[in-house]
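Let's work through a couple of exercises on enclosed space. Have the model open and follow along.

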Amino acid sequence: MDLLLGIDMGTGSTKGVLVDPAGVVLASATIPHSMSLPRPGWAEVDAEATWWREVCEMSKRLTREVPPGSTVAAMCVSGVGPCLVLCDDDLNPLRPAILYGVDTRATAEIRSLTEEFGADAILEQAGTLLSSQAVGPKLEWVRRHEPDVFAQATGWYGSNSYVAAKLTGEYAIDHHTASQCDPLYATRDFRWNTEWATRICGHLPLPRLVWPQEVVGRVHAEAAAATGVPRGTPVVAGTVDAYAEAFSVGVRNPGDQMLMYGSTMFLVQIIDEYHSDPALWTTAGIEPGSLALAAGTSTAGTMIGWLQTITGGASFDELTAEAAAVPAGSEGLIALPYLAGERTPVFDPDARGLFAGLTLRHGRGHLFRAAYEGIGFGVRQILEMFDDAHTGRRTVAVGGGLRSPVWAQAVSDITGRPQLVAEQGIGASYGGALMAAIGVELVAPQTDWATITHEITPNPDHRAMYDELYGVWRELYPATRSLVHQLGKLGR
């Protein structure tokens, strides 16, 4: 039997699955890891010691599970992104990988590139204004602050394209990841913006563009020895993990939405025509010629973990029970979940977290429910913007945060939207396995392995109360922005 190997390098772990062409998972594994936070505003990973080493270990584990008479027909690796990995000719990373929007070091470069190219022109060409999510300013930061590293580099990669290069020797990047490398890519036309890309990349060549489901190349001998994957196995490009996760649960048609409950909250909506909004990200999709809107918060599960730590480290189940015992609305307590700045739609790395309305009556359970609700208000704000492009017709919830029934129910109550939950919740690695199957034509391009098992429905009794609280929540950030900026300066 032909089998598929899907691997995803996430923020907190690398996950892998071995799947048959019907979508049945034969084996899975997880390897935990963490990011490095060497300075305020920096977020990095050692690409070789973490991503490549874990892909090798994961591949060895899963290929040992291949039954006699079966073979790995193709593999696909997705990963966090957009990221920046600068390498030499031997694919040795020259510095730690600079991570996606949680790394906010390039604020000066965002400003200077925006002034150079013009905000309106960037929005028109790239579909997205420059922010900490963009790769272009990160490249510019390395050029300015680490010129020796920049000069030594002969190629630049995202997390998945770096691993694909290590496996095959091919220098390529998928269209979706490229569309998050603003302002290097012309999203409307699905091509590099050669003028701007050449200006920013300098001597660095632009990778060949492929779609996430396309075969990049085949596993070469050195990679086969390192991973246990047979030499000659086709490698499909893959993409940024959030989009691979959306693909895994059938978010593929215009109006389909994904809410990913993870360390951060990430949202994707498929659209049927080009649409740009300065408060969102417009990107290429997974399938050839497709488009999507995306948005992401800077914290979500990380805020819950922070609260768990600072309130005594009680078990997750205990804290969930305490939050569930608190009435919806947290008895007048509201949270701004901006503990690491905020990405969409605020785009303010200097935003800060806030609890408003605290009284002596409020306890630990109130803090947790208010945090979940604060994240939910942020989701509502983004979904309302998505509706301007294409009304959401179907919302699928994914991610480890669904372990908390309080969180998911609060989001449905606050947004008024039902959420579908798929049977298979493995995530991006499962989506990668499906891309691999499509890429080598083991299954038809329209194949969808997702099976919906249940629906989280809004409680109409909470709607009016949440509408009122949402109005207050939306006022909190603009009302306190200048004050928290001042506090941020004092904190530095």
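**Exercise 1.** Which element gives the largest share of the lining of the largest cavity?

*Solution.* Some ground rules come with this predicted model: local features need pLDDT of at least 70, side-chain atom pairs count only at pLDDT 80 or more, and totals for chains, interfaces and linings use all residues. Residues are numbered from 1 along each chain as its sequence is written, and side-chain values use heavy atoms, with hydrogens and water left out.

Step 1: pin down the term. A cavity is a set of points on a 1 Å grid over the protein atoms alone where a 1.4 Å probe fits but cannot get out, and lining residues have an atom within 4 Å of a point.

Step 2: list the lining. Among the residues around the largest cavity are Tyr243, Ala246, Phe247, Val268 and Ile270.

Step 3: assign elements. Helix 10 (241-248) and strand 16 (265-271) each give two or more residues; helices (H or I, at least four residues) and strands (E, at least two) are DSSP runs, numbered from the N terminus. Helix 10 takes the largest share, with 3 residues.

**Exercise 2.** Describe the second largest cavity by volume and lining.

*Solution.* Step 1: its volume, the space filled by probe spheres set on the points, is about 70 Å³.

Step 2: the lining has 13 residues, and Thr297, Tyr338, Glu342, Gly378 and Trp473 lie nearest the centre of this cavity.

Step 3: helix 13 (residues 364-389) supplies the largest share of that lining, 5 residues.

How values were computed
On a 1 Å grid over the protein atoms alone, a cavity is a set of points where a 1.4 Å probe fits but cannot get out, and a pocket is an open set with protein on both sides within 12 Å along at least five of seven lines; lining residues have an atom within 4 Å of a point.
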